[in-house]
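Student: Please take me through this structure, giving the criterion behind each term that is applied to it.

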Amino acid sequence: MKTIYEPAEDSFFLSEILKNILEKSNKKSEIKILEIGCGSGIQLQTIKKAGVKKGNILSCDINSEAVSHCKKLGFSSVKSDLFEKIKGKFDIITFNPPYLPEDKREPKDSKTATTGGKKGGELINKFLKQAKSHLAKNGKIILLTSSLTQGIKWQNYKKKLLGKKKFFFEELRVWELKII
Ligand SMILES: C[S@@+](CC[C@H](N)C(=O)[O-])C[C@H]1O[C@@H](n2cnc3c(N)ncnc32)[C@H](O)[C@@H]1O
């Protein structure tokens, strides 16, 4: 049994930015949103609170405990490795990914939520590749990364830094990415 990622600084920072984006949007009731790696459901709750219809929000996680938990909260959620089980296109795709470089001392259980690969950016790179075919016209990705994440390949996305915040040992960054 894997534990569900407990909301931390990264979760709160992404949540704050999602709230700002959605509250400013005048089309929020029509927006279709996908969250990859929903964990505790903190982002799903922010998205709903900001005015997006529950029926327009889909989520997934590779951790079945997280999926069951988000379903209990009333959200649509499927067990999926990134986009493996995801069909359709979305106006916003958001991900607070595992972004840390591998640390051999970290327990296997928490690694799924925190470690993005040897350099940290490997899972993000897979995500960025797969996301392209799931973005609606003018759709965007809202992605969190850290100054500790190495090896990200941004491909041909147009990127805009929406916010950065320094914490004790890292700087968290939230990006808006669009297909050029
Ligand atoms: C840093 S946690 C973020 C959880 C939550 N969204 C938040 O903001 O607190 C990363 C989440 O991504 C999930 N995850 C890791 N690898 C995944 C993959 N390949 N496909 C889908 N979800 C994945 C983890 O299980 C975890 O719930």
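Student: What makes strand 2 (residues 57–61) mostly covered?
Tutor: Five of the five residues of strand 2 are buried. A residue is buried if 20 or more other C-beta atoms, placed from the backbone, lie within 10 Å of its own, exposed if 12 or fewer, and partly exposed in between. Ile 57, Ser 59 and Asp 61 on one side of strand 2 and Leu 58 and Cys 60 on the other all meet the buried criterion, so both faces are covered. The model is a predicted one, in which local features need pLDDT of at least 70 and side-chain atom pairs count only at pLDDT 80 or more, while totals for chains, interfaces and linings use all residues. Residues are numbered from 1 along each chain as its sequence is written. Helices (H or I, at least four residues) and strands (E, at least two) are DSSP runs, numbered from the N terminus.

Student: How do you know that strand 1 (residues 33–36) pairs with strand 2?
Tutor: Two strands pair if DSSP finds at least two bridges between them. Four bridges join strand 1 to strand 2, so the criterion is met; the two strands run parallel. Ile 33 stands opposite Ile 57 in strand 2. From strand 1 the chain passes through helix 2 (residues 42–49) to strand 2, in a right-handed β-α-β crossover.

Student: Why is that crossover called right-handed?
Tutor: The term applies because, with the strands pointing away from the viewer, the path from the first strand over the helix to the second runs clockwise. Strand 2, helix 3 (residues 64–72) and strand 3 (residues 76–79) also form a right-handed β-α-β unit. Strands 2 and 3 are parallel and joined by four bridges, and Ser 59 has Ser 77 as its bridge partner in strand 3.

Student: What makes up the shell around the ligand, by class?
Tutor: The shell has 14 nonpolar, eight polar and three charged residues. Ala, Val, Leu, Ile, Met, Phe, Trp, Tyr, Cys and Pro count as nonpolar, Asp, Glu, Lys and Arg as charged, and the others, Gly among them, as polar. Helix 1 supplies the largest share, three residues.

Student: What makes the phi of Asn 138 notable?
Tutor: Most residues other than glycine have a negative phi. Asn 138, in strand 7 (residues 135–146), has a positive phi of about 65 degrees although it is not a glycine.

Student: Is Asn 138 buried or exposed?
Tutor: Asn 138 has 8 other C-beta atoms within 10 Å, so it is exposed.
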